[in-house]
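Colleague: I'm new to this one and would like a close look at a single part, the stretch around one of its helices. Could you start there and then work outwards?

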Amino acid sequence: MFRILSLDGGGLRGAFGAGFLAALERRVLPATGRPLAAHFDLLAGASTGGILACGLASGLSAERLVQFYREQGPEIFHPREPFRPRTSVRPLYPLANWIFQRKAGLPMDEMFRARYCPFHLTDAFVTAFGDLTLGELEGVRLIVPAVNLSKGRIHLFRTGHLPGGRGCQRDLRIVDLLVAATAAPTYFPHKVIDGEAYCDGGVWANNPTVLAVAEAVALTSGAAGLEDAEHDRRSDFEKAVDVTGIEVLSVGTGRATYSLSPPGADAGSLYWARHIADVMGHSMQQGTELPAEFFLGDRLMGVNFDLPDDTWTLDAADKLEALFEKGEAAAEEVGDEAIGRFFASREPSVPREPPAANRPAPAGSPEAG
């Protein structure tokens with residue numbers, strides 16, 4: 001069985017996944033002597049899920065990732081200094097900002113720049129990963145989605161697990177990978193890597209289960225990777241795609257609901273500015289979950305929770321402790337099933353060395369002592 005750990009995007013709500021995995025780790029590690037990542041053939045994480053996936057792939061414990069969210073979460077989403085317009089319009093700006101916020105539901109500052117400062121984001125990742133590069137991740141397979149804005153294409157950051165190490169940017173720092181893969185539009189500025197701009201992969205694969213399954217099929221069949229599919233002339237009509245040997249543990253960041261009643265017979269930009277992200281995000285989430293359930297059936301184990309209300313936003317640092325508690329509660333509820341299915345003492349389907357849990361922590365990390 002080819003086992004996948006899939007971790008959703010969702011900002012600080014990734015603390016739910018961290019709490020869930022830490023609770024499992026407290027049972028799994030003493031019983032098997034192997035870190036969580038060693039029990040999976042592929043780790044896939046979008047946005048905040050990418051932080052968790054990279055952390056596990058780097059040898060960090062899930063408990064350390066809980067600590068990361070607790071300590072760095074409020075710093076990452078630290079408010080920026082108020083926007084200061086040019087002197088000529090400065091006296092009118094407060095009134096214009098008040099009117100715009102009433103009409104559009106967001107401050108006018110966000111029309112001119114991202115909501116949060118990227119330097120806090122970068123500094124937070126440095127504390128956890130130091131100068132570790134993608135090529136230095138050994139004994140683990142990892143994919144993290146992003147968008148290459150410069151080329152107008154989806155992008156997968158991946159370890160060198162495909163034949164010939166295809167698609168692996170070996171010298172790329174994990175810090176830079178994560179700044180790019182978590183650069184959610186309007187929340188953080190895009191990230192430039194080697195002259196090309198990237199943004200958050202959650203805009204197309206917030207639940208990375210389907211793309212992880214595609215990567216697994218490519219890996220086990222020797223086909224090209226997901227991004228190279230258009231160049232692979234062996235179409236699905238020419239080769240069978242077998243997913244019966246794939247099993248996925250998918251960890252979410254909260255199920256949100258929405259219901260809209262657009263005004264009158266028409267609605268323009270001022271109305272949709274407040275709602276389009278929710279409509280697209282929730283619809284995309286459902287659009288990826290449904291095919292995953294269809295193809296995998298009971299081989300997909302999903303762990304998630306219903307968001308209590310609309311205050312549980314991706315930047316709500318005041319919900320961190322509650323999110324950890326919900327993750328631990330989920331582990332209490334479904335932990336026996338998850339351990340039996342994914343953390344039994346059997347070897348992964350493709351033999352390899354597990355990531356070293358005792359690997360020295362990156363410089364600057366609390367684990368470095």
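Colleague: Which residue, just after α2, takes a positive phi, and of about how many degrees?

Modeller: That's Gly59: just after α2, Gly59 has a positive phi of about 95°. Keep in mind that this is a predicted model, where local features need pLDDT of at least 70, side-chain atom pairs count only at pLDDT 80 or more, and totals for chains, interfaces and linings use all residues. Numbering starts from 1 along each chain as its sequence is written, and side-chain values use heavy atoms, with hydrogens and water left out.

Now α2 itself, which covers residues 48–57 and is mostly covered, with ten of its ten residues buried (under 20% relative accessible area with a 1.4 Å probe, protein chains only; over 50% is exposed, and in between is partly exposed). The buried set runs Thr48, Gly49, Gly50, Ile51, Leu52, Ala53, Cys54, Gly55, Leu56 and Ala57. Across the 369 residues of the protein, 51% count as buried.

As for where α2 fits in, the protein has ten helices and eight strands (DSSP runs numbered from the N terminus: H or I of at least four residues for helices, E of at least two for strands). Among contacts (heavy atoms within 4.5 Å) between residues at least 6 apart in sequence, 78% join residues at least 24 apart.

Moving outwards, look at Ala181, which sits in helix α6. Ala181 has a relative accessible area of 0%, so it is buried. Beyond its neighbours within four places in sequence, Ala181 touches Ser47, Val144, Pro145, Ala146, Asp200 and Gly201. Gly202 is 21 residues from Ala181 in sequence, yet their C-alpha atoms are 8.0 Å apart in space.

Helix α6 (residues 174–181) also packs against α5 (residues 118–129), at about 140° and with the axes 9 Å apart (lines fitted to C-alpha atoms over the stretch in contact, with angles from 0 to 180 degrees between N-to-C directions). That angle makes α5 and α6 oblique to each other; the cut-offs are under 35 degrees for roughly parallel, over 145 for roughly antiparallel and 65 to 115 for roughly perpendicular, with oblique for the rest. On the α5 side, Leu121, Thr122, Phe125, Val126 and Phe129 make the contact, meeting Ile174, Val175, Leu178 and Val179 of α6. By class, this contact has eight nonpolar residues, one polar and no charged (Ala, Val, Leu, Ile, Met, Phe, Trp, Tyr, Cys and Pro are nonpolar, Asp, Glu, Lys and Arg charged, and the others, Gly among them, polar).

There's another helix pair to look at: α3 (residues 62–76) and α10 (residues 320–342) pack at about 160°, axes 10 Å apart. That makes α3 roughly antiparallel to α10. Val66, Tyr69, Arg70 and Pro74 of α3 meet Leu320, Glu321 and Phe324 of α10, giving five nonpolar, no polar and two charged residues.

Back to positive phi values, this time in residues other than glycine. Thr186 has a phi of about 80° although it is not a glycine, and it lies in the loop between α6 and β5 (191–193). With 46% relative accessibility, Thr186 counts as partly exposed. Asp194 also has a positive phi, near 50°, and is found in the loop between β5 and β6 (196–200). Its relative accessibility is 74%, so Asp194 counts as exposed.
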